[in-house]
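Hi there,

Here is the structure I promised to pass on to you. My notes on it follow below the viewer.

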There are 2 protein chains.
Amino acid sequence: MNETLIPKPDYEAALREAGVRITRPRRVILGILSDAGDHPDAMEIFRRAVEIDASISLSTVYRTMKLLEGIGAIHRHAFEGGPSRFEPAAGDHHDHLIDIETGDVIEFQSDRIEELQHEIARELGYEIVHHRLELYGRRKRKR
Amino acid sequence: MNETLIPKPDYEAALREAGVRITRPRRVILGILSDAGDHPDAMEIFRRAVEIDASISLSTVYRTMKLLEGIGAIHRHAFEGGPSRFEPAAGDHHDHLIDIETGDVIEFQSDRIEELQHEIARELGYEIVHHRLELYGRRKRKR
DNA sequence: ATGCAATTGCAAATCACTTGCAACTGAAGA
DNA sequence: TCTTCAGTTGCAAGTGATTTGCAATTGCAT
């Protein structure tokens, strides 16, 4: 859709900065993440990885996702009733609308909602560390 | 805090209406849910249940939660990084603020946010079936 | 090129549930 | 009240997603 508009995140630099090795399996997984336009889960990433290097293991995919999440390079989303799905952390903050029929994920953003959230938290005596806003919906058939 | 203000849901009537038996284990679990002021998970409900009737099994707790969720008597919340937690469906809609230090759950409600959500979904060509809004925060120390 | 701690693949383990099955029990009817 | 029997239960085994132990491998700083 608009892949060309999104700058590919430089994962290798992030790894180097985190002081971890840039290994072959990591390079493969990172490549997949860089040009994933969707929100794949670990198994899907594994499937794509095996196409490139058959020796990669699912554990390594999980370990790499955890590592990348740890250094803040990707975000993990545990949408309802399914495995975690991942996306590059690059780009600005957004929330998700999940098509309950297809599993498609649509990103959206609302400053107004963000504001309201902080306002609510503040009133309750809390400061938000992070939040989760997911809309589960069904495509309206145009009439 | 305000247990006395919340009407205890009549679970037994709900079960009867759903045409299922009111058994001893169910009565015990229902009793626990009725006066749970918190948002316990299955294991916690099981622990409380065993106090009352040592023969209750964890499977029955899970089966009962699924049953109650199915008839709409309770809501299931899968907060980040933990097992599902439950709460009576009685009372009006609200979202949750989770204290990331203690796990405490605070309920809040914002008509404005609800409105905005529908507006956003509509603009994207979707109708919301349900949604999930969770704020994860830390208590502000009063100064 | 060498050394070795970081990393990997594989298998086994864990966590939160779910399910198969034989025994048990509400509750509708005799 | 007593029967009857499909709905329920406890227990153990099974799942799906993810994590972990460990021995073998491999980046990468000498």
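B:S110 is buried, with a relative accessible area of 9% (buried means under 20%, exposed over 50% and partly exposed in between, with a 1.4 Å probe and protein chains only). B:S110 sits in the loop between β4 (105–108) and α5 of chain B; helices (H or I, at least four residues) and strands (E, at least two) are DSSP runs, numbered from the N terminus. The side chain of B:S110 comes to 3.1 Å from the backbone nitrogen of B:I113. That is a polar contact, a pair of N or O atoms within 3.5 Å; within protein, one must be able to donate a hydrogen and the other to accept it, and residues adjacent in sequence count only if both atoms are side-chain atoms.

Before you go further, some conventions. This is a predicted model, where local features need pLDDT of at least 70 and side-chain atom pairs count only at pLDDT 80 or more, while totals for chains, interfaces and linings use all residues. Residues are numbered from 1 along each chain as its sequence is written, chains are lettered from A and ligands numbered from 1 in the order in which they are written, and side-chain values use heavy atoms, leaving out hydrogens and water.

**The two copies**

Chain B superposes on chain A by a rotation of 179° with 0.0 Å of shift along its axis, at an RMSD of 0.2 Å (least squares on the C-alpha atoms of residues with pLDDT of at least 70 in both). The two copies are thus related as by a two-fold rotation axis. The same surface serves both copies, as 100% of the contact residues of chain B recur in chain A; contact means heavy atoms within 4.5 Å. In chain B, the residue closest to the rotation axis is B:L133, with its C-alpha at 2.2 Å.

**The core**

The largest nonpolar core has 20 residues, and A:L135 and B:L135 have the most contacts inside it. Such a core is a set of buried Ala, Val, Leu, Ile, Met, Phe, Trp, Tyr and Cys residues joined through side-chain atoms within 4.5 Å. The elements giving it two or more residues are α5 (111–123) and β5 (126–139) of chain A, together with α5 (111–123) and β5 (126–139) of chain B. Leaving aside its neighbours within four places in sequence, A:L135 is in contact with residues including A:F108, B:A121 and B:I128.

**The DNA**

Around DNA strand D there are 19 residues, the closest being A:Y62, B:R21, B:S55, B:T60 and B:R63; a residue counts as near if one of its heavy atoms lies within 4 Å. The largest share of this surface, four residues, comes from α4(A). Phosphate oxygens of strand D are 3.0 Å from an N or O atom in the side chain of A:K66, 2.8 Å from a backbone N or O atom of A:S84 and 2.9 Å from an N or O atom in the side chain of B:T23.

DNA strand C is also surrounded by 19 residues, and the closest are A:R21, A:R26, A:T60, A:R63 and B:Y62. Here α4(B) gives the largest share of the surface, four residues. Of the strand C atoms within 4 Å of the protein, 60% belong to sugar or phosphate and the rest to bases. A base oxygen of strand C is 3.3 Å from an N or O atom in the side chain of B:R63, whereas a polar backbone atom of A:R21 is 2.8 Å from a phosphate oxygen.

Best wishes
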